[in-house]
Amino acid sequence: LSAALARAAERGLDGVFLLACDLPLVDEHLVRRIVAAVGDAPAVAPARRGGREGGVETTCAIYRVGVLAAVDARLTSEDRSLRALFRDVDGSALPDIDIDTDPHAPAFLNVNTPDDRVRAERALTARAGRAE
């Protein structure tokens with residue numbers, strides 16, 4: 001995130017869209033919804049009801065170049081979590097994209113194991129069937 005934000009700043013861009021490589025099911029529809037909701041927030045990510053700590057999916061989020069100093073400070077701290085960073089910069093959680101109940105929730109399946117890959121393939125097959 002630090003390198004991406006630094007490069008965005010060099011190029012005169014407002015920020016970056018961060019997407020973890022273990023979230024291969026995130027689709028264009030979901031990305032467009034997040035981008036459309038960014039407004040003036042320093043960071044924006046989909047909300048999460050209950051469940052995981054942090055309340056947001058910080059690895060599928062927009063971060064503005066203005067948070068670069070906070071990102072770099074986190075890199076030298078003991079707590080380098082994106083959730084802590086998101087709280088520190090007063091990021092905005094998008095309540096209209098609840099990732100626990102949204103029809104695009106399979107997008108947030110972390111694919112880290114062979115079993116996860118099988119689940120992802122099933123989700124893609126189901127998604128393709130709905131598109132027909």
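**Overall architecture and sheet organisation**

Of the 132 residues of the protein chain, 35% are classed as buried. The structure is a predicted model. The protein chain exposes an area of about 7600 Å², of which carbon and sulfur atoms contribute 53%. Contacts within the chain were also examined by sequence separation: among those between residues at least 6 apart in sequence, 67% link residues at least 24 apart.

Five helices and four strands make up the secondary structure of the protein chain. Along the sequence, these elements succeed one another in the pattern α-β-α-β-β-α-α-β-α. The four strands assemble into an open sheet with the order β1-β3-β2-β4, and their pairing is mixed. The edge positions are held by β1 (15-19) and β4 (92-94), each of which pairs on one side only. Between neighbouring strands of this sheet, the average turn is 20 degrees, with direction ignored.

Within the sheet, strand β2, comprising residues 43-46, pairs with strand β3, comprising residues 60-64. This pairing is antiparallel and extends over two bridges. Ala-43 has Tyr-63 of β3 as its bridge partner. Strand β3 is also involved in the packing of a helix against the sheet: helix α1, formed by residues 2-10, lies across β1 and β3. Relative to β1, helix α1 runs at about 150 degrees. Helix α1 thus lies across an edge strand of the sheet, β1, as well as across β3, the antiparallel partner of β2.

Key
Residues numbered from 1 in each chain as written. Predicted model: local features only at pLDDT ≥ 70, side-chain atom pairs only at ≥ 80, totals over all residues. Heavy atoms only, no water. Pairing = 2+ DSSP bridges. Axes fitted to C-alpha atoms, helices over the stretch in contact; angles between N-to-C directions. Contact = heavy atoms within 4.5 Å. Buried < 20%, exposed > 50% of the residue type's maximum accessible area, 1.4 Å probe, protein only. Areas by Shrake-Rupley, 256 points an atom, 1.4 Å probe, with all protein chains shown as cover.
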